[in-house]
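I set out to record one residue and its surroundings, and then the fold as a whole. My entries follow the display.

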Amino acid sequence: MANTFHPLDPLSATEFIAVTGILRDGHGVTAPQWRYASIEMFEPTKAAIAAFDATGTVPDRQATVVCFERGTNSTYKALVSITESKVVSWEPIPGQQANFTVDEWEEADATLRGHPDVVAALAGRGITDMDLVFMDTWTYGDALIPEKYQGRRIGWSDTWVRSAPGRNPYAGPVNGFHCIIDLNSMELLEIEDTFTVDRPEVMGEYVPRFIPERIRESSTREQLKPLDITQSNGPSFTLDGNRIEWQNWSLRVGFNYREGMTIHAVTYNDHGKVRPIAHRLSFAEMMVPYRDHCEDHYRRTAFDIGEWGIGFMTTSLELGCDCLGEIRYLDATLHDSKGEPYEIRNAICIHEEDNAVLWKHVDHDESEVRRMRRLTVSFHVTVANYEYLAYWRFYQDGNIECEVRATGIMVVSHFPEGAEHPHGTLVDQRTYAPFHQHFLVARMDLDVDGTENTVYATETEMVSMGPDNPYGLSLRQVNTPLHTEAEGKQDMNFATQRAWKVVNENTVNGLGTHPSYKLVPGGAIPAMFDPASPVLARCRAIEHTLWVTPNSPDERWPAGEFVNQSSTDHGLPAWTAANRSIINTDVVLWYVFGIHHITRPEDWPVMPVDVVSFWLKPVGFFDRNPALDVEPTPPAACHHHH
């Protein structure tokens, strides 16, 4: 594999070190009084990338940095030129809190577990082995911060206790016990010790050696025979640096602290003509509100991308477990709060998958059938108790699928004998899992056959019965162009099978119609918030299934750049207030989808994956089925006699 540089490649360890050195020398940014919240490559413009691809002209390599000084609780944003070894800009960001860091999360756990007041309070509850205790610190929304702590960088903690070493901590909630901590000084501000619940006997273990013998012995499941996936000649894709080529597809893989894996420069080679489809695909926000106003849960709204960064939460993948087959991996390089780089081995998995039949027809005694193969590019994220598994899949017929799987361990609470739990489901003895929602916002900068595109809402309607439709059979398709950002705020409509097409009206296909890609919705869920809710105010992006905006390099985060301790959504609602034109321009689609999690006993003690997905499908982008030229599978590979 060649180590080919491209301007879209993520920052390297050497570049992280260079950035911290430049800011140390220029502004005295050093640990421990300073923390780096984020260091990210400043992506070059489309024009700069095109110039590099055409002539090899390398644009200035730059990084965007957010850091904060702990003593004064001051946040700063910088633009650093790595190429020229200088600080291009240095800007204080008053009144804003940077994202939480993994270091703060770990330090808060250690600080609280070692604090004598916490130790004494837990001892009063009969919890004395602090090695079994886990303090999980969450972020705050501004409206929920006690007035006396306004203006500080704070978190609140859940407390969990394992029943024994190595066992599942999330099976042992310490209900009614929460700490408030200043993350800058690591000062315990307050212990909220509001109520107690006797711990019931629960079976909350999922690791085989801890599952009770009576349950293991009652299993009737037979062991599976091996399923061996081999590609004797290796995979069909090529990986050159971060560029992947496979079955007419070409794309680049990126990575950063906030979005995790990103997909860039997606093109399709259509009989010798390389046609652009997407400039950039990523997840821009994830909001997880818990729909239970009770004492243990009312603050529990996570912005896993904006408050934490799913790049920081990305985990290493292992052959045969997370991915299966002939795998190629990409590592990822990130930084800690000192700015020091570290590597996530096997952060991104690239492999091919068989996916049953691609197309088939039987005509009398002759059959033509083609197997479907797809290229899958994936990464996995662990955010405390939950896992998110993200897959971008590319198909031989030009389809692109985005799939997200949620698994992990649900948050649970115990409750007293005879008490009610109206906002959650009983999953174990006197134990309920609160209802919650997982909202994801996909940011898609599509360039269908070029940069200038128009988005159409496409719906199916019935034709009224009459002389021209005597049997009431006819349907017609209604395609409505979206002219402005106000019109670009769109909602799911199952009754009309509403979808959205990104059309290039500046060119035509061989049939004389305009090429397009259609966003086929899936996993769209309603917000279900009172309009006055302060929780909704932080992410009004979830009020619509789709938003369409003109592309702007400064508009990347749908709930705003600084989400931690926010009170108002400074992202999509603020940008679209200008009601800009979105006709025949460089457009970005923001698609809101996710999981409406009405919890189940079957989700406990570890949750089988819940799967949601949506598609980008060519509509008139090709003149006919682009997979006609897929070769048939050799018969020997399809059938074996035993």
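Entry 1, one residue. I located Thr-425 in strand 21, which spans residues 424–428. I note at the outset that the model is predicted.

Entry 2, burial. I looked up the relative accessible area of Thr-425 and found 17%. Because the cut-off for buried is under 20%, Thr-425 counts as buried.

Entry 3, polar partner. I asked which backbone oxygen lies 2.7 Å from a polar atom of the Thr-425 side chain. The oxygen belongs to Thr-599.

Entry 4, contacts. I left aside the neighbours of Thr-425 within four places in sequence. Thr-425 is then in contact with Thr-431, Tyr-432, Ala-433 and Phe-435, and also with Thr-599, Arg-600 and Pro-601. Thr-599 thus appears in this list as well as in the polar pair.

Entry 5, overall fold. I turned to the whole protein and noted 9 helices and 30 strands. The radius of gyration is 26 Å, close to the 26 Å from the globule rule for 642 residues, so the protein is as compact as a globular protein of that length. Along the principal axes, I recorded a box of roughly 80 × 65 × 60 Å filled by the C-alpha atoms.

Entry 6, packing and surface. I found that 53% of the 642 residues count as buried. Among contacts between residues at least 6 apart in sequence, 66% join residues at least 24 apart. The accessible surface comes to about 28700 Å², and carbon and sulfur atoms account for 51% of that surface.

Entry 7, charges. I looked up 53 positive and 89 negative charges, whose mean positions are 1 Å apart.

Definitions and conventions. Residues numbered from 1 in each chain as written. Predicted model: local features only at pLDDT ≥ 70, side-chain atom pairs only at ≥ 80, totals over all residues. Heavy atoms only, no water. Helix = DSSP H or I, 4+ residues; strand = E, 2+ residues; numbered from the N terminus. Buried < 20%, exposed > 50% of the residue type's maximum accessible area, 1.4 Å probe, protein only. Polar contact = N/O pair within 3.5 Å; in protein donor to acceptor, adjacent residues only side chain to side chain. Contact = heavy atoms within 4.5 Å. Rg over C-alpha atoms; globule rule 2.2 N^0.38 Å. Areas by Shrake-Rupley, 256 points an atom, 1.4 Å probe, with all protein chains shown as cover. Lys, Arg positive; Asp, Glu negative; His and termini not counted. Charge placed at Lys NZ, Arg CZ, Asp CG, Glu CD.
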